[in-house]
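Colleague: I have just opened this structure and would welcome a friendly tour. Could you show me how to read it, one feature at a time?

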Amino acid sequence: MVRMQLKQTTVMLSIVRKCMTTFLLFYVRLVFAQSELPIVRSTSIPVDIRDGNHLKSGYWATMPERKPDYYYPEIPEKPHKVTFITDQDSISFDISYGQEYNFIILVNGKDSCYTRISARYKDPDTYTRKNAGTGPDTIPFTLGDNHKVYVKATLNGSDVKDIQLDLGAGGTIINKTSVKKVKINFDERVTLVNSDGVNQVPSASKNLLQIGNSVWDSVRIAVAGNMNDNEDLLIGNSLFRDKILEINHDQRILVLHDTLPSRAVFYSPHDVVLDGGIIPYVKVNLTIGKKSQNGWAMFDTGARTSILNSTDAPMTYRIMGELAGILGLNETMTPKLAIDKHHLSGFEYKTRDMGKKGLSIILGNDLLKRFNLILDNKNGYLYLQPNSLTNIPYRKRDEYYVIRAVVAMLVLIALVVIFWKSKRAK
């Protein structure tokens, strides 16, 4: 009898699933058939997207099997233009928050790719305030010896410390050595890209995270093994997509705002793009020798030092720069960075092959900590104000010590040779 009931229940569930699937397919077709949809023609799969100020070359892969295929604008609350650009055509929409825009990309005259721009946040974390607090939430932080920002938090009811704020991270990460400190249920695997490469790692989809009086529910957390031993958790801008985040290095506080604070009038405003709707980039000018480039630089509070493309600052240039420094001529060889009216030089940097043309640069927190900043994720602006750390010396680059050690060795060898020759002359 029990077996028959279970069998009947299974059959009923199967019928319900089929009905729901049929209804959803019918609904999608109905939505797209209600009006004559605009058609964009293409003969190639990669499609460019201009999302406000951000041109994303080859970003969109057309997939006819998805009906529809969703695109979420990077800053959905900001009214702006989104343009899809194919090798044959283009189409633009002036988006407004909460609205949807449907069209078809017709590939090679036969494959219809139903596409929907949804001006909403994709997979938002549920945000609440403890004790029904109102107004900005102020969270104290410490600045580590590595120049990084750390806060304290509770995760699933357990205290965790040294939570790194990494604006260059795409999500929330737990150190694999810290898993044993908290109650966490890993129920899926995700692809994680970091300094360890590209790996499939365990992930937990349901977590309760509290920082200050701010609480996020259903936070996805992946595991990484490349964090410092003292770091339990790493949080990125994904938690603050619908907030205005203030980082005040003078007062050592983070402040979460719903509206732009009045003191922003004393800061300089800058356009910002949010890669993937999360990672902030600001427009800069980088001058190295006689070469000057404009482009977008990542604001990466998780990087201790800034990183330049190795093609822009090759090893020969760095060596010549350090030799010029010994002769007191290093100003002519030092990279110079401008964020609008803010000019910086002499900053520490490393290089790596970033593998693409144009300006590629990551701004690390040794440089960023010299500003108090307000990141308006809702409207796409970054506000900067130089602070009390502006004029403190930068740490010396690795080449500084290597070149001076080599020069000292050469001088010592020269003195030995001169002494030996003088002895022989006698």
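**Reading the fold step by step**

Modeller: Gladly. Among contacts in the chain between residues at least 6 apart in sequence, 64% join residues at least 24 apart. Keep in mind that this is a predicted model.

Colleague: How many helices and strands does the chain have?

Modeller: There are 4 helices and 32 strands. Of the chain's 426 residues, 45% count as buried. The chain exposes about 23100 Å², and 56% of that comes from carbon and sulfur atoms.

Colleague: How do I read one strand? Which way do the residues of β14 point?

Modeller: Follow the side chains along the strand. In β14 (residues 172-175), Thr172 and Ile174 point one way, while Ile173 and Asn175 point the other way. All of these are buried.

Colleague: And which strands pair with β14?

Modeller: Look at the sense of each pairing. Strand β19 (residues 221-224) pairs with β14 in the parallel sense, over 4 bridges; there, threonine 172 stands opposite isoleucine 221. Strand β20 (residues 233-235) pairs with β14 in the antiparallel sense, over 2 bridges, and leucine 233 in β20 is the bridge partner of isoleucine 174.

Colleague: Now two aspartates. Why does aspartate 137 count as buried?

Modeller: Buried means under 20% relative accessible area. Aspartate 137 counts as buried because its relative accessibility is 2%. This residue lies in strand β10 (residues 137-140), and its side chain makes a polar contact with the side chain of serine 214, at 2.6 Å.

Colleague: Is aspartate 145 buried or exposed?

Modeller: The cut-off for exposed is over 50%. Aspartate 145 has 83% relative accessibility, so it counts as exposed. Its place is in the loop between β11 (142-143) and β12 (149-155). Aspartate 145 also shows how sequence and space can be compared: arginine 304 is 159 residues away in sequence, and the two are 9.4 Å apart in space, C-alpha to C-alpha.

Colleague: What about the nonpolar residues? Which members of the largest nonpolar core touch the most other members?

Modeller: The general idea is that nonpolar side chains in soluble globular proteins tend to be buried together. Here, the largest nonpolar core has 53 residues, and Leu209, Ile211, Ile235, Leu337, Ile361 and Leu363 touch the most other members. Take isoleucine 361: leaving aside neighbours within four places in sequence, its contacts include Val284, Leu286, Trp296, Met298, Leu337 and Met354. A second, separate core has 17 residues, among them Val40, Val82, Phe84 and Ile91.

Note on methods:
Residues are numbered from 1 along each chain as its sequence is written. This is a predicted model: local features need pLDDT of at least 70, side-chain atom pairs count only at pLDDT 80 or more; totals for chains, interfaces and linings use all residues. Side-chain values use heavy atoms; hydrogens and water are left out. Buried means under 20% relative accessible area, exposed over 50%, partly exposed in between (1.4 Å probe, protein chains only). Contact means heavy atoms within 4.5 Å. Accessible areas come from the Shrake-Rupley method with a 1.4 Å probe; for residues, only the protein chains shown count as cover. Two strands pair if DSSP finds at least two bridges between them. A polar contact is a pair of N or O atoms within 3.5 Å; within protein, one must be able to donate a hydrogen and the other to accept it, and residues adjacent in sequence count only if both atoms are side-chain atoms. A nonpolar core is a set of buried Ala, Val, Leu, Ile, Met, Phe, Trp, Tyr and Cys residues joined through side-chain atoms within 4.5 Å.
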